[in-house]
Amino acid sequence: EVSSTTGPAITDTNWHHIAVTYSGSTVDFYLDGNLADSVAHSVTFTFTTPAGIGCYADAKNQGFLGSLDEVSVYNRVLTSTEIQDIYLAGSAGKCFTPTPPEITQQPTNETVKIGGSASFSVSASSLLPLNYQWTFGATDIPDATNATLTLHNVQFTNAGTYAVTVSTPFTSTNSSNALLTVNDVLNSFAWAPIPSPQFVNAAFNVEIQALGTTNEVFTNFNGAVSLASTNGIPIAPVAANFTEGVWTGAVTISQPITNLVMLATNSAGPRGLADAINVLNKPALGYTLSGNYLLMFWPVSPSNFVLETSSTLSPPQWVPVGIPPLQIGDENLESLQMNGTNQYFLLQLNGN
């Protein structure tokens, strides 16, 4: 026989939960889920039948003056956590058939922009205390043990399915999956390479791409972009309307400039710079007559201009003049013998 005399006294007529464990040489007494007293006891105890519950086995008329309910004998020592869980079961009792928690509101899909925040919530009900564990795919998320899961500074790697396991000490249930979609945002503009030099008032084609955070074409962008230069030189047009993240158009510069850097900007903040180019005045083609020869001359700089000729303008059929020009000082000189037929001439930039 072993008893506790130092534990708390029970002076009311309410139901209370009593548990006693015996391990080694110590008997522990629990009252309402909490350890109330530990008593040293070195006598070997053997559970035999018939056993008396609430009375002495050999004197059953000496009964416990009270009521007992859900008496249980275990073949092992229960832990303090298990005893507390049994107590917390309360009116549900130890002998009830556990039912899973009921999820009354499932987590819903979320769509956010990269760098934003996403939040998933679940609502559940049960007679027992509830625990939560959120998962990403099939992996538990550390410390995600509340009814609400909030993600900050969301990146593409966070996109996927989220779910939560809602559990009691006895059973659990899984929520449905909620999908997190992470959208890209406009990050910058990229100019395709532009040949240099270009020439005053001569339109040249450019291509500009809107880029997302991963430097891929941001095809969702269909907005307007302002065009300017870092040198303050006017550019025409002053705005470009993008289609699916791309604008291709002709640009004109109205004055010569060295190291012109063109700039694309958007009201949301992204920007992009083109490589520097030189914009030059077109070289003038001059001529004079000398006997039966036509002398044509033009500046050596800018270079790479070729003199071309055509015998008709309906339509023109331009071909390079076969004889290379002579360079005299800072000018090129071409001497052509006149043959009595119409000839037309122009300077063509090599490669254009």
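Here is a short chat between a trainee and a mentor about this predicted model.

Trainee: Let's start with overall form. What radius of gyration does the chain have?
Mentor: Look at the C-alpha trace to begin with: along its principal axes it spans about 150 × 40 × 35 Å. A compact globule of 352 residues would come out near 20 Å. The chain, by contrast, has a radius of gyration of 45 Å.

Trainee: And the secondary structure: how many strands are there?
Mentor: There is one helix in the chain. The rest of the tally is strands, and their number is 33.

Trainee: What percentage of the residues in the chain is buried?
Mentor: Think about the outside before the inside: the chain exposes about 21600 Å², with carbon and sulfur atoms supplying 50% of that. To count as buried, a residue needs under 20% relative accessible area. Of the 352 residues, the buried ones make up 30%.

Trainee: Now the inside. Which element gives the largest share of the largest nonpolar core?
Mentor: That core has 27 residues, and F189, W191, F242 and M262 have the most contacts inside it. Several elements give two or more residues to it, among them β16 (188–191), β18, β22 (246–253) and β24 (262–265). The largest share, four residues, comes from β18.

Trainee: Is V206 buried or exposed?
Mentor: First place V206 in strand β18, residues 204–211. Beyond its neighbours up to four places away in sequence, V206 touches W191, I194, W247, T248, G249, V251 and M262. The cut-off for buried is under 20% relative accessible area. V206 has 5% relative accessibility, so V206 counts as buried.

Trainee: W191 came up there too. Which residue of β18, at position 206, is in contact with W191?
Mentor: Leaving aside neighbours within four places in sequence, the contacts of W191 include L227, M262, L263 and G272. Strand β18 runs over residues 204–211. The contact of W191 at that position is V206.

Trainee: How many residues are in the second, separate core?
Mentor: You can find this one by looking for F120, V122, A144 and Y162, which are included in it. The core is separate, and its residue count is 19.

Trainee: Last one, on the surface. Is I18 buried or exposed?
Mentor: In soluble globular proteins, nonpolar side chains tend to be buried together. Here, though, I10, I18 and V20 form a nonpolar patch on the surface, with about 270 Å² of accessible area together. I18 lies in strand β1, residues 18–23. Its relative accessibility is 52%, and the cut-off is over 50%, so I18 counts as exposed.

Notes:
Residues are numbered from 1 along each chain as its sequence is written. This is a predicted model: local features need pLDDT of at least 70, side-chain atom pairs count only at pLDDT 80 or more; totals for chains, interfaces and linings use all residues. Side-chain values use heavy atoms; hydrogens and water are left out. Patches are made of residues with over 30% relative accessible area and no salt bridge: like charges are joined within 9 Å, nonpolar side chains (Val, Leu, Ile, Met, Phe, Trp, Tyr) within 5 Å. Accessible areas come from the Shrake-Rupley method with a 1.4 Å probe; for residues, only the protein chains shown count as cover. A salt bridge is a side-chain nitrogen of Lys or Arg within 4 Å of a carboxyl oxygen of Asp or Glu. Buried means under 20% relative accessible area, exposed over 50%, partly exposed in between (1.4 Å probe, protein chains only). The radius of gyration is taken over C-alpha atoms; the globule rule is 2.2 Å times the number of residues to the power 0.38. Contact means heavy atoms within 4.5 Å. A nonpolar core is a set of buried Ala, Val, Leu, Ile, Met, Phe, Trp, Tyr and Cys residues joined through side-chain atoms within 4.5 Å.
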